[in-house]
Amino acid sequence: MLIAGFPAGAWGTNCYLVAPAAGEECVIIDPGHQAARGVEEAIRKHRLKPVAVVLTHGHIDHVASVVPVCGAHDVPAWIHPADRYMMSDPEKALGRSIGMPLMGELTVGEPDDVKELADGAGLKLAGLEFSVAHAPGHTKGSVTFRMPGAADIPPVLFSGDLLFAGSIGRTDLPGGDMAEMLDSLARVCLPLDDSTVVLSGHGPQTTIGRERATNPYLRQVAAGPGADLDDAPRRGM
């Protein structure tokens, strides 16, 4: 399996291209702010053919390049219905203006073909299988994408802004909710095998085992309520 990832734009949002191997079809995950050039470079380098864009949530740092990327390759974008409005109205999603100079660089709106994700759905794209889990907390429509392991390949979780190395996504923007975040961590992340590789929306990769042992939020949900997390870090837009 081939996974090519790179951080893009003002928020350093991780964009991923996933394919069975070089020279084959691929899925693009979270083409955010200023990601289009990096996407095209990865496509050329690995001789890939995009068949779909899939989105972990609707914040502008994860969807800003959806329109040009989908348009260039005539592919659909998949997003949870609760976050779909964010593609056309990013400032409403943030509860504030994100700045006129930056907005001038963005192509706001939906691509021609938008498909909606559902909790528990199985997506078969580019010869790959992705299990969708609705994981609200950062936004109402946040989802994760999990790929099963095979032979010597560990399972992979594309966690968006749910789980980071040592941290979780922020919950203070419209649609954010700390109780929902903790529930999503317990329901979506804790049952996974420790070997599962976590590829998040920001920062370096990690594993479920490492986060289970060291991440204060996963440790809280594993142990039950009671830990004071006021000073624990959170990330994401």
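**Strand pairings, salt bridges and buried side chains**

G160 stands opposite S200 in β13. That makes a handy way into this predicted model, as strand β13 has a partner on either hand in the description that follows. With strand β10 (residues 156-160), β13 runs parallel, and the two are joined by four bridges. With strand β14 (residues 206-207), β13 runs antiparallel, this time over two bridges. Here V197 is the residue that faces T207 in β14. β13 and β14 form a hairpin with five residues between the strands, and in this hairpin G203 takes a positive phi near 85°. As for the side chains of β13 itself (residues 197-200), V197 and L199 point one way while V198 and S200 point the other, and all of them are buried.

Elsewhere in the chain there is an open sheet of six strands. The order is simply β1-β2-β3-β4-β5-β6, and the pairing is mixed. The two ends of that list, β1 (2-8) and β6 (114-116), are the edge strands; each has a single partner strand, so one side of each goes without a neighbour in the sheet. From one strand to the next, the twist averages 25°. At the β6 end, strand β5 (residues 77-79) pairs with β6 in the parallel sense, over three bridges. In this pairing W78 sits opposite K115 of β6. Helix α3 (residues 66-73) packs on the sheet, where it touches β3 (25-29), β4 (49-54) and β5. The direction of α3 makes about 145° with that of β4.

Next come the charged side chains. Side chains of opposite charge can pair when their charged atoms come close. A search of the whole structure turns up seven salt bridges. One of them joins R84 and E110, whose closest N and O atoms are 2.8 Å apart. This pair links distant parts of the chain: R84 belongs to the loop between β5 and α4 (90-94), E110 to the loop between α5 (100-103) and β6, and 26 residues separate them. R84 is partly exposed, at 24% relative accessibility, and E110 is likewise partly exposed, at 33%.

A second pair to look at is K140 and E180, with closest N and O atoms 3.1 Å apart. K140 is in the loop between β8 (128-134) and β9 (143-147), and E180 is in helix α6 (residues 178-189), so this salt bridge ties together parts of the chain 40 residues apart in sequence. K140 counts as partly exposed, with a relative accessible area of 37%, as does E180, at 26%.

R170 and D172 make another salt bridge between their side chains, at 2.6 Å from N to O. R170 is partly exposed, at 24% relative accessibility, whereas D172 is exposed, with a relative accessible area of 55%. There is a network to report too: R84, E110 and E116 are joined into one by salt bridges that share partners.

The cysteines give a shorter story. The disulfide count is zero. C15, for instance, is in no disulfide, since the cut-off between cysteine sulfur atoms is 2.5 Å and the nearest cysteine sulfur, that of C26, is 9.6 Å away. C15 is nonetheless buried, at 0% relative accessibility. C70 is buried as well, with a relative accessible area of 2%.

Lastly, the aromatic rings. The structure holds two aromatic pairs. One of these is formed by F130 and F145, which meet edge-to-face, with 6.5 Å from centre to centre and 85° between the planes. F130 lies in strand β8 and F145 in strand β9, so the pair ties together parts 15 residues apart in sequence. Both rings belong to buried residues: F130 has a relative accessible area of 2%, and F145 one of 0%.

Technical notes:
Residues numbered from 1 in each chain as written. Predicted model: local features only at pLDDT ≥ 70, side-chain atom pairs only at ≥ 80, totals over all residues. Heavy atoms only, no water. Pairing = 2+ DSSP bridges. Axes fitted to C-alpha atoms, helices over the stretch in contact; angles between N-to-C directions. Contact = heavy atoms within 4.5 Å. Salt bridge = Lys/Arg side-chain N within 4 Å of Asp/Glu carboxyl O. Buried < 20%, exposed > 50% of the residue type's maximum accessible area, 1.4 Å probe, protein only. Phe/Tyr/Trp six-rings, centres within 6.5 Å; stacked < 30°, edge-to-face > 60°.
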